[in-house]
Amino acid sequence: ARGQCAATTRNDIESETSEVTYLLRGSYEWDESMLYASVGTGYRAGEIQDGGKVTNPEESVSYEVGYKLDAGAVRFNAAGFFVDYTDLIRAGFDEDLNQIVTSNVAGAEIKGLEVEMTWLVGDNGVFNFGGGYLDAEYTDYIVDGAGFGTNVPAILDENGEPTGFYSLVGNTMPQSPKFSFN
């Protein structure tokens with residue numbers, strides 16, 4: 001209906017960020033095996049949203065060590081990894097604005113282990129197995145509403161009174177199953 005929809009905020013804003021990232025890798029091969037390690041950084045530019053609000057860029061540092069074996073009929077791979085996020089960008093519903101907004105989560109860590117094996121059986125058979133363990137949790141995440149589940153302790157002031165803020169520290173990140181198999 002005419003007059004029912006109006007823009008009340010302006011989006012005239014510019015934001016410029018840049019970051020140099022790196023990836024260092026090393027490996028050692030012997031016979032049918034390889035051992036490798038890597039460390040690298042990641043970067044995701046901040047987001048501009050309604051009202052001219054801007055998030056900080058998301059940054060990460062990742063570490064990985066792994067082993068690979070290719071012994072004819074058997075191929076085996078294993079890797080362990082750790083990723084440390086700073087200013088992780090997440091979306092959530094803002095009840096005051098009545099819209100979805102993006103903001104920065106101060107910190108998160110992801111660590112895990114992945115294993116996969118392929119075994120050629122007979123002339124035409126193949127057996128594949130893969131499995132993983134994942135521990136992905138927020139290490140520093142404060143919100144101003146308790147509507148995030150049951151494991152959300154209120155932050156108390158020095159007198160033991162609720163501050164209106166809640167800590168999601170230790171909560172598992174979305175789409176992060178503890179175990180996976182195929």
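**Strand pairing and a pocket in an all-strand model**

Strand S6 and strand S7 (residues 99-121) run antiparallel and are joined by 20 bridges. This pairing comes from a predicted model, and it makes a convenient place to begin a walk through the structure. Within the pair, Gly92 stands opposite Val101 in S7. The two strands form a hairpin with four residues between them, and Asn98 in that turn has a positive phi of about 60 degrees.

On its other pairing, S6 (residues 74-94) meets strand S5 (residues 58-71), again in the antiparallel sense, over 13 bridges. Here Tyr63 has Phe82 in S6 as its bridge partner. S5 and S6 also make a hairpin, this one with two residues between the strands, and Gly72 takes a positive phi near 70 degrees there.

Stepping back, these strands belong to an open, antiparallel sheet of seven strands, in the order S1-S2-S5-S6-S7-S8-S12. Strand S1 (23-30) and strand S12 (179-181) each have a single partner strand and stand at the edges, so one side of each lacks a neighbour in the sheet. From one strand to the next, the twist averages 15 degrees. At the S1 end of the order, eight bridges link S1 with strand S2 (residues 33-44), and the two run antiparallel. Leu24 is matched there with Val39, its bridge partner in S2. As a reading aid for any of these strands, side chains in a regular strand alternate between the two faces of the sheet.

A further sheet is built from three strands. Its order is S9-S11-S10, and it too is open and antiparallel. The edge positions are held by strand S9 (142-143) and strand S10 (154-156); each has a single partner strand, so one side of each is left without a neighbour in the sheet. S9 and strand S11 (residues 162-167) run antiparallel and are joined by two bridges, and the bridge partner of Ile142 in S11 is Ser167.

Taken as a whole, the protein has zero helices and twelve strands. Of its 182 residues, 23% count as buried. Among contacts with a separation of 6 or more, 53% are between residues 24 or more positions apart.

Strand S8 (residues 125-140) deserves a closer look, and Gly125 has its place in this strand. Is Gly125 buried, exposed or partly exposed? Its relative accessibility is 25%, and because buried means under 20% and exposed over 50%, Gly125 counts as partly exposed. Apart from its neighbours within four places in sequence, Gly125 is in contact with Trp119 and Leu120.

S8 also features in the second largest pocket, which holds about 330 Å³ of space. The lining of this pocket comprises 25 residues, and those closest to its centre are Glu114, Val115, Glu116, Gly130 and Gly131. Two or more lining residues come from each of S5, S6, S7, S8 and S12. Which element gives the most to this lining? That element is S8, with seven residues. Sorted by class, the lining of the second largest pocket has 13 nonpolar, eight polar and four charged residues.

How values were computed:
Residues numbered from 1 in each chain as written. Predicted model: local features only at pLDDT ≥ 70, side-chain atom pairs only at ≥ 80, totals over all residues. Heavy atoms only, no water. Pairing = 2+ DSSP bridges. Axes fitted to C-alpha atoms, helices over the stretch in contact; angles between N-to-C directions. Buried < 20%, exposed > 50% of the residue type's maximum accessible area, 1.4 Å probe, protein only. Contact = heavy atoms within 4.5 Å. 1 Å grid on protein atoms, 1.4 Å probe; cavity = no way out; pocket = protein on both sides within 12 Å on 5 of 7 lines; lining within 4 Å. Points joined across faces, edges and corners; volume = space filled by probe spheres on them. Nonpolar A, V, L, I, M, F, W, Y, C, P; charged D, E, K, R; others polar.
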